[in-house]
Amino acid sequence: MDVDQLVSRDAAVPTPRLEPMLDLEWSQAIELPRFALPATRPAELRQAWVHRAPEDAVLGLYRRASGADDALPAPWWLRAVASGRLESRELGFRIEDRVAQLLGKRMGWEFVPWAADGESGYWEFMPSERGKSGHSIPTTVLNTDRHDGWIDVLPAHSARAPEPVAVAGLAGLRSRLGEFEAVR
């Protein structure tokens, strides 16, 4: 084969066109850095691109990636901001931090950082697990975009998970903590 044939053969082969894959781009956007240390509150988990990038860029990528996929892993606050029900990411962070301030000071509550992909962790009331009531899964407090109180409580249970209890914001959580902590 001579040089002219090689050149003409190479010219006939189309150059591959590389495009970012949206699913991969989104998974990288919510991924925490490999060096992330164990977190003891939600603020310590805010190391992914979705937490640091300009909010409009985060919303744009989320909207493109979610398309028809309602199950796209994403922080609760991002789903709420995208739906227009929460004013900003910063307000979502404030809500998480206020829950952390309340529960972090109380005996028995522990922060669990390893929530579903993209989520902000949750709180468990450890005395409700394997106590007198024998429940194998403790009372759990988590943030949600399910309602505008932004806080759900999943009561302690052993078998199938019960329906979450919608709590009317931080004031509602504070006023009902005695009820939630009574299960032991």
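Colleague: What do the buried residues of helix H2 pack against in this model?

Modeller: In this predicted model, the buried residues of H2 pack against helix H3 (49-52), helix H4 (55-66) and helix H5 (76-82). Contact here requires heavy atoms within 4.5 Å.

Colleague: Which residues of helix H2 are called buried?

Modeller: In H2, residues 22-30, they are Trp26, Ala29 and Ile30. The term buried applies under 20% relative accessible area.

Colleague: What puts these buried residues on the same side of H2?

Modeller: They cover an arc of only 85° around the axis, and therefore lie on the same side of H2. An α-helix has 3.6 residues a turn, so residues three or four places apart point the same way.

Colleague: What makes the sheet open, and in which order do its strands stand?

Modeller: Five strands form the open sheet, in the order S1-S2-S3-S4-S5, with antiparallel pairing. Strand S1 (109-112) and strand S5 (165-167) are at the edges with a single partner strand each, so one side of each has no neighbour in the sheet. On average, neighbouring strands of this sheet are turned by 25° against each other, direction ignored.

Colleague: Why do strand S2 and strand S3 count as paired?

Modeller: Pairing requires at least two bridges. Strand S2 (residues 122-125) and strand S3 (residues 139-143) pair in the antiparallel sense over three bridges, and therefore meet the criterion of at least two. Trp123 stands opposite Val141 in S3.

Colleague: Which strands does helix H7 touch?

Modeller: Helix H7 (residues 169-181) packs on the sheet and touches S1, S2, S3, S4 and S5. The direction of H7 makes about 135° with that of S5.

Notes: Residues numbered from 1 in each chain as written. Predicted model: local features only at pLDDT ≥ 70, side-chain atom pairs only at ≥ 80, totals over all residues. Heavy atoms only, no water. Buried < 20%, exposed > 50% of the residue type's maximum accessible area, 1.4 Å probe, protein only. Helix = DSSP H or I, 4+ residues; strand = E, 2+ residues; numbered from the N terminus. Arc of directions from axis to C-beta. Axes fitted to C-alpha atoms, helices over the stretch in contact; angles between N-to-C directions.
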